[in-house]
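Okay, thanks for coming, everyone. I'd like to walk you through the pockets and the surface of one chain, and I'll keep it short. Let me put it up on the screen.

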Amino acid sequence: QDQIFFIYRQYPIINSGSPLVSRASLCANEQDKFWAMHDRLFSKARDDFAQSDLQNIAQQSGLNMDQFNNCLSSEKYQDTITEDLSDGYALGVPGTPTFFINGDRLSGQISKDNWEIIISQSLKLLNNQK
């Protein structure tokens, strides 16, 4: 935890509803429920979510629904989502998931065992450079 800096960026490219899903996850983050919402969204394995689907998932994730609905109907995160999307295009991100570790791009699903190897090797390299 004290050796890895993790940044999660929005990259809503799957379909026209993807920006709404991104906005929903950022609204969940306001209530410290980003990962609860994220995990439920990804467990549904759907290409498209209606607003009612997102509201159900938010409720299952323990969000205050008045706060969530107000946030979801606003455009307050549009600049963040647009910036993340532009950065992804500029970096040549082919899709999700995509990870950057010390500047190296990894795309696609990565098993837990492979993550452990990747992280261990990356930390060794960083420690050798100090």
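Let's start with Tyr8, which has a relative accessibility of 33%, so this residue counts as partly exposed, the class between under 20% for buried and over 50% for exposed. Before I go on, keep in mind that this is a predicted model. Along the chain, Tyr8 sits in the segment before α1.

Tyr8 turns up in two places in this talk. On the surface, Tyr8 belongs to a nonpolar patch together with Ile4, Phe6, Trp35, Phe42 and Ile119. Taken together, those residues have about 620 Å² of accessible area.

Now the pockets. How much volume does the largest pocket have? The answer is about 1600 Å³. There are 48 residues lining that pocket, and here Tyr8 comes back: the closest to the centre are Tyr8, Arg9, Pro97, Thr98 and Phe99.

Which elements build that lining with at least two residues each? They are the helices α1 (18–30), α2 (34–44), α5 (78–90) and α6 (112–129), plus the strand β1 (98–101). Of these, α6 gives the most, with six residues. If you're thinking about the chemistry of the lining of the largest pocket, it splits into 28 nonpolar, 14 polar and six charged residues.

Next, the second largest pocket, with about 150 Å³ of space. Its lining is made of Ile101, Asn102, Asp104, Leu106, Ile118, Gln121, Ser122, Leu125, Leu126 and Gln129. The elements giving two or more residues here are β2 (104–107) and α6. Again α6 has the largest share, and in the second largest pocket that share is six residues. By class, this lining has five nonpolar, four polar and one charged residues. So α6 is the helix to keep an eye on if you're browsing the pockets: it gives the most to the lining of the largest one and the largest share to the lining of the second largest one.

One last stop, over at Asn56. Where along the chain is Asn56? This residue is in helix α3, which covers residues 51–60. Is Asn56 buried, partly exposed or exposed? Its relative accessible area is 43%, so Asn56 is partly exposed. To tie that back to the patch, take Phe42, one of the patch residues. Asn56 and Phe42 are 14 residues apart along the chain, and their C-alpha atoms are separated by 14 Å.

That's my tour; over to you for discussion.

Note on methods:
Residues numbered from 1 in each chain as written. Predicted model: local features only at pLDDT ≥ 70, side-chain atom pairs only at ≥ 80, totals over all residues. Heavy atoms only, no water. 1 Å grid on protein atoms, 1.4 Å probe; cavity = no way out; pocket = protein on both sides within 12 Å on 5 of 7 lines; lining within 4 Å. Points joined across faces, edges and corners; volume = space filled by probe spheres on them. Helix = DSSP H or I, 4+ residues; strand = E, 2+ residues; numbered from the N terminus. Nonpolar A, V, L, I, M, F, W, Y, C, P; charged D, E, K, R; others polar. Patch = residues over 30% accessible without salt bridge, like charges linked within 9 Å, V, L, I, M, F, W, Y side chains within 5 Å. Areas by Shrake-Rupley, 256 points an atom, 1.4 Å probe, with all protein chains shown as cover. Salt bridge = Lys/Arg side-chain N within 4 Å of Asp/Glu carboxyl O. Buried < 20%, exposed > 50% of the residue type's maximum accessible area, 1.4 Å probe, protein only.
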